[in-house]
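Trainee: Could you take one strand and explain it to me slowly, along with whatever surrounds it? I'm new to this, so please spell out the terms as you go.

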Amino acid sequence: MKPLRVELENFGPYGRHAVDLTAFREEGLFLIHGDTGSGKSTLLDAMTYALYGKGLGTRDRDDFLRNKNAASDQPTSAALTFTLGDRTYRVRRVMEYERAARRGGGVTRQRPEAVLECLAGDPSFETVSTPRKCDEAVERLLGLPYEQFTRLIVLPQGEFRDLLLARAD
């Protein structure tokens, strides 16, 4: 899997922001680095959230990932466009949040949403549009459940020691 584009909306400290990674498309591995507080972990959280519906480790709660300054009627979402072999996919998730009720007064819970679509390379792929089906499809495509993905593909800061001490199984 190679990430091409990450899109955030009211995710972490960001309002609406997109990160284009297509310049690294032909590279094998690449490193996301920068100063403390520059948004590296948020970017990894967004990629992981888009794929699996939760962030990394201790940062996997929706109330932690939602921008505290987002208006109650604005959703929080993360989208990831990535290639897998010769196919290109886009997965987008909107997290559950409390918003103003459209009728009457008070607030209501906006249910989580998820969509996984194939943009190119697999005409037989059927778009999935529920969180559960998206979870299943992502795991099937990548061949990794969340726990393995976060240990093998994305190594969050502070967890390198855990990797070194992990059992082989």
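Mentor: Happy to; let's take β4, looking at its cover, its partners, its charged contacts and then the core.

Before we start, this is a predicted model, in which local features need pLDDT of at least 70 and side-chain atom pairs count only at pLDDT 80 or more, while totals for chains, interfaces and linings use all residues. Residues are numbered from 1 along each chain as its sequence is written, and side-chain values use heavy atoms, with hydrogens and water left out.

Six of the eight residues in β4 are buried, so the strand is mostly covered. Here buried means under 20% relative accessible area, exposed means over 50%, and partly exposed lies in between, with a 1.4 Å probe and protein chains only. Strands (E, at least two residues) and helices (H or I, at least four) are DSSP runs, numbered from the N terminus.

Now for its partners. Two strands pair if DSSP finds at least two bridges between them. β4 and β3 pair in the antiparallel sense over eight bridges, with Thr83 standing opposite Thr88 in β4. These two strands form a hairpin with two residues between them, and Gly85 in the turn has a positive phi of about 65°. β4 is also joined to β7 by seven bridges, again antiparallel. Arg92 has Val115 in β7 as its bridge partner.

Arg92 leads us to the charges. Side chains of opposite charge can pair when their charged atoms come close. A salt bridge here is a side-chain nitrogen of Lys or Arg within 4 Å of a carboxyl oxygen of Asp or Glu, and the structure holds eight of them. One of these links the side chains of Arg92 and Glu9, at 3.9 Å from N to O. Because Arg92 lies in strand β4 and Glu9 in strand β1, the pair ties together parts that are 83 residues apart in sequence. The two ends differ in cover: Arg92 is partly exposed at 28% relative accessibility, whereas Glu9 is buried at 14%. Another salt bridge joins Arg5 and Glu7, at 3.7 Å from N to O. Arg5 is partly exposed, with a relative accessible area of 34%, and Glu7 is partly exposed as well, at 23%.

Finally, let's turn to the core. In soluble globular proteins, nonpolar side chains tend to be buried together. A nonpolar core is a set of buried Ala, Val, Leu, Ile, Met, Phe, Trp, Tyr and Cys residues joined through side-chain atoms within 4.5 Å. The largest one here has 33 residues, and Leu51 and Leu116 touch the most other members. β4 (87-94) is among the elements that each supply at least two residues of this core, together with β1 (2-9), α1 (40-52), β3 (77-84), β7 (113-120), α3 (131-142) and α4 (146-152). The largest share, eight residues, comes from α1.

Leu116 brings us back to our strand. Contact means heavy atoms within 4.5 Å. Leaving aside neighbours within four places in sequence, the contacts of Leu116 include Tyr89, Arg90 and Val91. Phe125, Thr127, Val128, Cys134, Ala137, Val138 and Leu141 are also in contact with Leu116.
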